[in-house]
Amino acid sequence: MRGGHTIVRPAGFGDVEQIRSVAAESWANAYAGIIPPETQNRALAAWYDTEAIKSAMAEDGAVFLVALAHGVVVGFIHLGPPQAGTVELLRMYVLPRNARQGVGTRLLEAGVSAYESHDAQISVAVAERNSSGRAFYEKSGFVLTGTRTVDVFGASIAEVTYIRNLEGGAA
């Protein structure tokens with residue numbers, strides 16, 4: 001069964017180092033040729049600093065989950081608290097060797113279910129050239145809503161934005 005040996009649970013402070021490792025490996029794979037390596041390193045150092053991750057886990061109304069295979073973190077998802085009818089999917093990564101095994105889908109659905117009582121949508125921004133990320137979100141019922149350019153530590157990155165109703169249907 002796809003993703004059958006995967007357990008999804010709330011992230012804990014003891015998971016921080018494994019989350020950092022998943023992020024580093026996933027970024028190197030997902031953003032090769034999209035975000036320069038030195039920019040990746042700066043972003044990872046800032047956004048995946050131990051205290052930054054712990055703060056994200058502790059944020060009131062946010063959801064931070066990990067996926068474990070055989071007791072090891074192989075993926076994670078972080079959703080921000082609902083604001084103005086929207087929950088922002090801030091980050092979700094699965095180790096490349098665990099991709100296409102249902103792990104991302106299990107993480108996404110567990111994250112969505114945490115907000116079932118909210119009348120809101122979930123939004124996500126994806127690097128425009130991240131074709132596998134875009135394909136995952138489109139397959140998962142997200143609808144393309146626009147494009148934007150963001151500055152990531154001095155690098156200009158084109159992103160696409162998507163929306164999905166929290167109950168799982170298309171926006």
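**Exercise 1. Determine how many helices and strands the protein chain has, and in what order they run.**

Solution. In this predicted model, the protein chain contains five helices and seven strands. Read from the N terminus, the order of the elements is β-α-α-α-β-β-β-α-β-α-β-β.

**Exercise 2. Assess whether the radius of gyration of the protein chain agrees or disagrees with that of a compact globule.**

Solution. Step one is the reference value: for 171 residues, a compact globule would have a radius of gyration near 16 Å. Step two is the value for the protein chain, which is 15 Å and therefore agrees with the reference. Step three adds the outer dimensions: along the principal axes, the C-alpha atoms fill a box of roughly 40 × 40 × 35 Å. Two further totals complete the description. Of the 171 residues, 46% are buried. Among contacts with a separation of 6 or more, 60% join residues 24 or more positions apart.

**Exercise 3. Establish which residues of helix H2 are buried, and where they lie around the axis.**

Solution. Helix H2 spans residues 37-47, and its buried residues are Thr39, Gln40, Ala43 and Leu44. These residues cover an arc of only 130° around the axis, so they lie on the same side of H2. The general geometry is consistent with such a pattern: an α-helix has 3.6 residues a turn, so residues three or four places apart point the same way. The face turned away from the buried side of H2 carries the exposed residues Asn41 and Ala45. The final step is to identify the packing partners: the buried residues of H2 pack against H1, S6 and S7.

**Exercise 4. Carry out the analysis for helix H5, and state what covers its buried residues.**

Solution. In H5, the buried residues are Gly133, Arg134, Phe136 and Tyr137. Their arc around the axis is only 160°, which puts them on the same side of H5. Ser131 and Lys139 are exposed and sit on the face of H5 turned away from the buried side. The cover over the buried residues includes S4, H4, S5, S6 and S7. Just after H5, the backbone at Gly141 adopts a positive phi of about 90°.

**Exercise 5. Describe the largest pocket: its volume, its lining and the elements that supply it.**

Solution. First, the volume: the largest pocket holds about 1200 Å³ of space. Second, the lining: 43 residues line the largest pocket, and Tyr31, Met92, Tyr93, Asn130 and Tyr137 lie nearest its centre. Third, the classes: the lining comprises 24 nonpolar, 11 polar and eight charged residues. Fourth, the origin of the lining: at least two residues each come from helix H1 (16-30), strand S4 (86-94), helix H4 (103-113), strand S5 (121-127), helix H5 (131-139), strand S6 (143-152) and strand S7 (155-165). S4 gives the most to this lining, with seven residues. Tyr137 thus belongs to two descriptions: it is among the buried residues of H5 and among the lining residues nearest the centre of the largest pocket.

**Exercise 6. Decide whether Arg129 and Ser123 are buried or exposed, and list their contacts beyond four places in sequence.**

Solution. Arg129 is found in the loop between S5 and H5. Its relative accessibility is 55%, so Arg129 counts as exposed, the cut-off being over 50%. With neighbours within four places in sequence left aside, Arg129 is in contact with Gly33 and Ile34. Arg129 and Ile35 are 94 residues apart in sequence, while their C-alpha atoms are 9.9 Å apart in space.

Ser123 lies in strand S5. At 15% relative accessibility, Ser123 is under the 20% cut-off and therefore counts as buried. Leaving aside neighbours within four places in sequence, the contacts of Ser123 are Thr86, Val87, Glu88, Leu89, Tyr162 and Ile163.

**Exercise 7. Examine the positive phi values at His70 and Ala84, and state where these residues are placed.**

Solution. His70 is not a glycine, yet it has a positive phi of about 55°. His70 is placed in the loop between strand S2 (63-69) and strand S3 (72-79). With 69% relative accessibility, His70 counts as exposed.

Ala84, likewise a residue other than glycine, has a positive phi near 50°. Ala84 is placed in the loop between S3 and S4. Its relative accessible area is 88%, so Ala84 is exposed.

Technical notes
Residues numbered from 1 in each chain as written. Predicted model: local features only at pLDDT ≥ 70, side-chain atom pairs only at ≥ 80, totals over all residues. Heavy atoms only, no water. 1 Å grid on protein atoms, 1.4 Å probe; cavity = no way out; pocket = protein on both sides within 12 Å on 5 of 7 lines; lining within 4 Å. Points joined across faces, edges and corners; volume = space filled by probe spheres on them. Helix = DSSP H or I, 4+ residues; strand = E, 2+ residues; numbered from the N terminus. Nonpolar A, V, L, I, M, F, W, Y, C, P; charged D, E, K, R; others polar. Buried < 20%, exposed > 50% of the residue type's maximum accessible area, 1.4 Å probe, protein only. Arc of directions from axis to C-beta. Contact = heavy atoms within 4.5 Å. Rg over C-alpha atoms; globule rule 2.2 N^0.38 Å.
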